[in-house]
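Q: Please take a close look at how the first ligand is held in this model, and then set that site beside the other ligand site and the helix packing.

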Amino acid sequence: MAISLTKTDVVIVGLGAVGGVAALPLARAGLEVVGLEAGAWLTPADFAPDELRNNVRGWPQAVQKANHEVPTHRPNASAPYSTRPAIHPMMNAVGGTTLHYWAQSWRLNPWDFKVVSETTRRYGASRIPKGSTVEDWPFGLEELEPHYEKVEYELGVSGKAGNLNGKIDSRGNIFEGSRKREYPMPPLRGTGFSEMMATAARKLEWHPFPGPAAINSRTYQNRAGCAYHGYCNRGGCHVNAKGSTAVTTIPKAQETGRLKVVTQATVTTVEADTDGRVSGVNYLKNGVEYFQPADVVLLASYVYENVRVLLLSKSKAYPNGLSNNHRQVGRHYFSHNQGASVTALFPRNLNNWYGLPAQGTAVDDWADDNFDHSGLDFIGGGNLWIYSDRRPISAADMNTFDRAPQWGSAWKAFVKENADRWNTAYLQKTTLPYEDNFLDLDPTVRDPLGFPVCRITADFKDNEKKVAAFIQDKMVQWFMTAGAVATARGQLGTMGPTTHAYGGTRMGNNPETNVVDRWGFSHEAPNLGILGASVMGTSGAHNPTLTAQALAWRTAEHLAKNWKTIRK
Ligand SMILES: Cc1cc2nc3c(=O)[nH]c(=O)nc-3n(C[C@H](O)[C@H](O)[C@H](O)COP(=O)(O)OP(=O)(O)OC[C@H]3O[C@@H](n4cnc5c(N)ncnc54)[C@H](O)[C@@H]3O)c2cc1C
Ligand code: SF4
């Protein structure tokens, strides 16, 4: 029998990127918030620049949750399972994955909110890929813009505006939607390599710019500027320059006295009454089961866990899982088209031993619908990103470009000469949802608590494969213009467990095809909100977190403004 605790106004499940953001507007609005977090608080002592620990062994998380519930994957319903990875790099700690993420902090482009109507208007309805369930978002970028701005200022984002109130500035991204305010800090500094690549892009008449990062380029709100120390990729920040929610919004919410953080608390299910309203959550802490009653529940435990918790929360009102009477939980799932990279070899050292992956040069000329697709056979595109990041183990793991064997003294000599002469571009590309890509509960594989893990049934379709090949061509062209002597193309791969997962609880006006409404609240359980990229219906060509955080702020603000109606 679970121990029943005192009722709170709002319970947030997971204090990571999105739960950690939502807590702040709620606490500031005077609501009592309990944040249940499966992990613990980490300290700068946990953030040693240790490549073996952070990048190879998967980080010493205080609570090994993500690694014990890695979703299973099969490309389609009749295919055999793919090999299950031993670790999943999402973090279990206060601050979640923002503790060790790269911190690229992108807004989506206007097109990403209106893929169906804009594609139809420009090229005709037949250009929407067959089998895709993509819908327009229930609102456009302009409605999310104020929330992007709030989050950028609360976390501290460095960057250069390319479209300030309609005024285009080629020092920033000229393709971005209009923003009302400049970034709170100037961009992270460039490197010799990023400048060289920017010059090559200009030679091609493209429009390079420094990408935005939730990393201080100077002291901001009493947190230090970045030390460009070189172990940021899957590493926590020992000087608090990275704008993790653990050092930004969560402590600010705690300062109000209205956020109670409960660590090492693993939520297992959400309870619902017979009238369909949720009443609180069950969680386990140190082997003891508790019930935390709340007027409102906000689920913020990352895409796979959001879906899993909903499907596990069966009740009289929701026999198929919470908020799943329309059978939409788990649908419209997709993972970012991030594979199909391009690696280049240069004839000289690039000095990439210092710096961080959020420090680099971007090109958006081939992203979204920024170019004419009339003569092409796909929609969407990709963001081209080159960056500074080189650590000893990954450097030695380099491609040999068919110029040396994979072992022995000739391999060693090649790596010795070329370890700092190569670079792999990070190419994020449009991915769409399809009717046969979905999440459900695995029928046999379970976590250590005995609950089924999430199962992914999904694969990239023709549109994604064509975008990938097109973007690789552009990247090869960029590297060669910059003086590369060889390039190699990576495989696209399949849609296994990922750090850029989307959908499963999609947001939209139609309850027949979406789990949450335009505010992020369940169409079926009116006092249940869902936060994170699980509500996003398109990915665009940029990392998801800032958009998921802006949506989380918007949902929380809506809740605070409409408290009496939503709590009833
Ligand atoms: C190495 C790496 C680099 C990345 N770089 C970028 C980047 O540059 N830019 C970008 O936009 N995105 C990046 N991402 C992705 C980004 O981290 C995610 O988009 C983001 O963290 C998702 O936010 P979230 O709050 O949904 O999940 P998280 O931040 O992972 O937070 C979820 C929280 O919920 C907790 N939790 C889970 N289950 C339960 C439960 N049952 N009960 C209680 N608590 C629970 C977890 O412990 C965790 O703290 C990166 C990810 C990784 C791994
Ligand atoms: S590179 Fe900068 S942001 Fe990243 S961990 Fe080092 S100091 Fe922190």
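A: In this predicted model, an oxygen atom of ligand 1 lies 2.9 Å from an N or O atom in the side chain of Asn92, and a polar backbone atom of Ala93 is 3.1 Å from an oxygen atom of the ligand. The side chain of Glu37 also takes part, with an N or O atom placed 2.6 Å from an oxygen atom of ligand 1. Considered by itself, ligand 1 would expose 1000 Å², of which the protein buries 96%. The shell that provides this cover consists of 33 residues, and Glu37, Lys65, Thr97, Gln104 and Thr545 are the closest of them. Sorted by class, the shell around ligand 1 comprises 17 nonpolar, twelve polar and four charged residues.

The surroundings of ligand 2 can be described in similar terms. Ile215, Cys226, Ala227, Tyr228, His229, Cys232, Gly236, Cys237, Val239 and Leu356 are the residues around ligand 2, and by class this shell holds eight nonpolar and two polar residues but no charged ones.

Turning to the helices, Thr545, named above among the residues closest to ligand 1, falls within the span of helix 11, which covers residues 545–561. The axis of helix 11 comes within 8 Å of that of helix 1, formed by residues 19–28, and the two cross at roughly 25 degrees. Because angles under 35 degrees count as roughly parallel, helix 1 and helix 11 are described as roughly parallel to each other, and helix 1 passes helix 11 in a right-handed crossing.

A second pair is formed by helix 5, residues 192–203, and helix 10, residues 462–481, whose axes are 8 Å apart and which pack at an angle of about 110 degrees. Helix 5 and helix 10 are therefore roughly perpendicular to each other, and the crossing in which helix 5 passes helix 10 is right-handed.

Terms used
Residues are numbered from 1 along each chain as its sequence is written. Chains are lettered from A and ligands numbered from 1 in the order in which they are written. This is a predicted model: local features need pLDDT of at least 70, side-chain atom pairs count only at pLDDT 80 or more; totals for chains, interfaces and linings use all residues. Side-chain values use heavy atoms; hydrogens and water are left out. A residue is near a molecule or strand if one of its heavy atoms lies within 4 Å of it. A polar contact is a pair of N or O atoms within 3.5 Å; within protein, one must be able to donate a hydrogen and the other to accept it, and residues adjacent in sequence count only if both atoms are side-chain atoms. Accessible areas come from the Shrake-Rupley method with a 1.4 Å probe; for residues, only the protein chains shown count as cover. Ala, Val, Leu, Ile, Met, Phe, Trp, Tyr, Cys and Pro count as nonpolar, Asp, Glu, Lys and Arg as charged, and the others, Gly among them, as polar. Axes are lines fitted to C-alpha atoms, for helices over the stretch in contact, and angles run from 0 to 180 degrees between N-to-C directions. Helices (H or I, at least four residues) and strands (E, at least two) are DSSP runs, numbered from the N terminus. Angles under 35 degrees count as roughly parallel, over 145 as roughly antiparallel, 65 to 115 as roughly perpendicular and the rest as oblique. A crossing is left-handed if the near helix is turned anticlockwise from the far one by less than a right angle, and right-handed if clockwise.
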